[in-house]
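I am keeping these notes as I look through one structure, element by element, and I write down what I looked up and what I found.

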Amino acid sequence: MSAAASCLLTEDQFLCSICLDVFTDPVAIPCGHNFCKTCITKHWDKNVPYQCPNCNKVFYTRPELQVNTVISELSKEDADRETADGVQVFTALKESVERSQAKFIDTIKEKQRKTEKQAEGFIKELEQEISELKKRSTEVEQLSQSEDHLHLLQSCTSLNAAPPTKDWTEVSVRPPSYEGTVVRAVNQLEETLSKQMKKLFEAELKRVQQSAVDLTLDPDTAQPDLILSSDGKQVNCGNVKKNLPDNPERFDYCVNVLAKQSFSSGRFYYEVQVKGKTKWDLGVARESINRKGKITANPQDGYWMICLRNEKKYKACAGPPVRLSLKSRPEKVGVFVDYEEGLVSFYDVDAAALIYSFTGCCFTEKLYPYFSPCLKDAGKNSAPLIISPVNHTE
């Protein structure tokens, strides 16, 4: 399968219309539509006559399933590529850990070697002194047995000066200090892993940016305090509540607004500038959310979002909320959704860092990008939320 040919297939063509997931063992039926082998088999086990779930064409005898080799080779190329990339990353991480471990062991051995060398030096020096003292003792013993008193007196003069010795009571060999050695080694490993993680996040952000969509804000959903720009790309909170019709789509209490665009399959990504704000909410919401009165924003109520409060307190609105510790304040937030995977991820675009991911979500209806610039906070939070064009990271 050539690269040019594969580009002609859209993402939806890789999805089984029965399970709404990427094909597993894709097969084709006589009308030309494709399904997972297990999905169409179970469907026809329960339904007679045999009918195509897509075009409703009826087959009076159960058709033979044909393996779709084109899709199988593609759903395989992707898997092989992802596996190879993953193995490369984990191999690099494993080698990094092994190098850090070897360096740590060498550090311990070097400390031990230095201590042993110091002790050996003391022992050698002490043995030298003992040897000198024994030699002097032998000389004195020999002189004491001499009957030549004149020679004895002459020799005593040269023996008066004792050989130099060290005060060994002040000498000790302290065992090496290993405190902090493990911590320092792990810290260095953490720095290495952080650099590797940054590369991974940069690569991941490049991939999700390929799913960028063009969004505009929907004025029919905007709470009356909100001011939308004429191009539908910016929103902030005004001082005067406008007299707008209270249609079912409109938020009437919380200062929220949805995008005009909705998504019920596939992947989508967009970026929002949050620079200069002290409060904001961003994420996605399902179509059936409550839009009237006070709102509880969590996945159980149809919201998948993160928020900022008090200029520096970030949290994911899960149940219960999750406090987020970020290394830097994001000025532009990327939001990525994979509908079939049940994934909503938030990125700090400039830092190419993952902020938070909701995983294992179950989406069953349309999803709308969701925005709240929050109240002005005595003018401190007057900057707008801005839907920004996606500039693919280099």
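**Entry 1: a pocket**

Which element gives the largest share of the lining of the second largest pocket? I looked this up with the caution that the model is predicted, and I found that the largest share, three residues, comes from β11. I then looked at the pocket itself, which has a volume of about 440 Å³ and a lining of 21 residues. β11 (303-309) and β17 (367-372) are the elements that give two or more residues to this lining. I noted that C254, D281, I295, M305 and R309 lie nearest the centre of the pocket. When I sorted the lining by residue type, I recorded 13 nonpolar residues, four polar ones and four charged ones.

**Entry 2: the sheet around β11**

Since β11 had come up in the pocket, I next asked in what order the strands of its sheet are arranged. I found an open sheet of six strands, which follow one another as β8-β17-β10-β11-β12-β13, and the pairing is antiparallel. At the edges I found β8 (257-258) and β13 (322-324), each of which pairs on one side only. As a reminder to myself, strands of a sheet pair through backbone hydrogen bonds, and they can do this either parallel or antiparallel.

I then followed β11 to its two neighbours. On the side of β10 (residues 280-286), I counted six bridges joining it to β11, with the two strands running antiparallel. Along this pairing L282 stands opposite I306 of β11, and A285 has Y303 as its bridge partner in β11. With β12 the pairing is again antiparallel, this time over four bridges, and I noted that I306 has A316 as its bridge partner in β12. I306 therefore appears in my notes twice, facing L282 in β10 and A316 in β12.I also looked at the connection between β11 and β12, which form a hairpin with three residues between them. In the turn, N310 has a positive phi of about 55 degrees.

**Entry 3: how covered is β11?**

Is β11 mostly covered or mostly exposed? I found that β11 is mostly covered, with six of its seven residues buried. I took C307, which is found in this strand, as a residue to check by itself. C307 has a relative accessibility of 1%, and because buried means under 20%, it counts as buried. I also looked up how C307 lies relative to C317, and found the two 10 residues apart in sequence and 7.3 Å apart in space, C-alpha to C-alpha.

**Entry 4: helix α6**

Next I turned to helix α6 (residues 181-209), and I asked how far apart its end C-alpha atoms are. At 1.5 Å a residue, its 29 residues should span 42 Å, and the end C-alpha atoms are 42 Å apart, so the two values agree. I then looked for the buried residues of α6, and I listed T181, A185, L189, F201, L205, V208 and Q209.

**Entry 5: salt bridges**

How many salt bridges does the count come to? The count comes to eight, and I looked at some of them in turn.

I began inside α6, where E202 forms a salt bridge with K198, the closest N and O atoms being 3.7 Å apart. Because E202 and K198 are four residues apart in the helix, they are separated by about one helical turn. An α-helix has 3.6 residues a turn, so residues three or four places apart point the same way. E202 is partly exposed, with a relative accessible area of 32%, and K198 is partly exposed as well, at 39%.

I next looked at R62, which forms a salt bridge with D45, with 3.0 Å between the closest N and O atoms. This pair links distant parts of the chain, 17 residues apart, with R62 in the loop between β4 (58-59) and β5 (66-67) and D45 in helix α2 (residues 37-46). Are R62 and D45 buried or exposed? R62 has a relative accessibility of 36% and counts as partly exposed, whereas D45 is exposed, with a relative accessible area of 53%.

The last pair I looked up is R329 with E311, whose closest N and O atoms are 3.5 Å apart. This salt bridge also links distant parts of the chain, 18 residues apart: R329 is in the loop between β13 and β14 (332-338), and E311 is in the loop between β11 and β12 (313-316). R329 is partly exposed, with a relative accessible area of 42%, and E311 is partly exposed too, at 40%.

Terms used: Residues are numbered from 1 along each chain as its sequence is written. This is a predicted model: local features need pLDDT of at least 70, side-chain atom pairs count only at pLDDT 80 or more; totals for chains, interfaces and linings use all residues. Side-chain values use heavy atoms; hydrogens and water are left out. On a 1 Å grid over the protein atoms alone, a cavity is a set of points where a 1.4 Å probe fits but cannot get out, and a pocket is an open set with protein on both sides within 12 Å along at least five of seven lines; lining residues have an atom within 4 Å of a point. Grid points are joined across faces, edges and corners, and a volume is the space filled by probe spheres set on the points. Ala, Val, Leu, Ile, Met, Phe, Trp, Tyr, Cys and Pro count as nonpolar, Asp, Glu, Lys and Arg as charged, and the others, Gly among them, as polar. Two strands pair if DSSP finds at least two bridges between them. The expected span of a helix is 1.5 Å times one less than its number of residues. Buried means under 20% relative accessible area, exposed over 50%, partly exposed in between (1.4 Å probe, protein chains only). A salt bridge is a side-chain nitrogen of Lys or Arg within 4 Å of a carboxyl oxygen of Asp or Glu.
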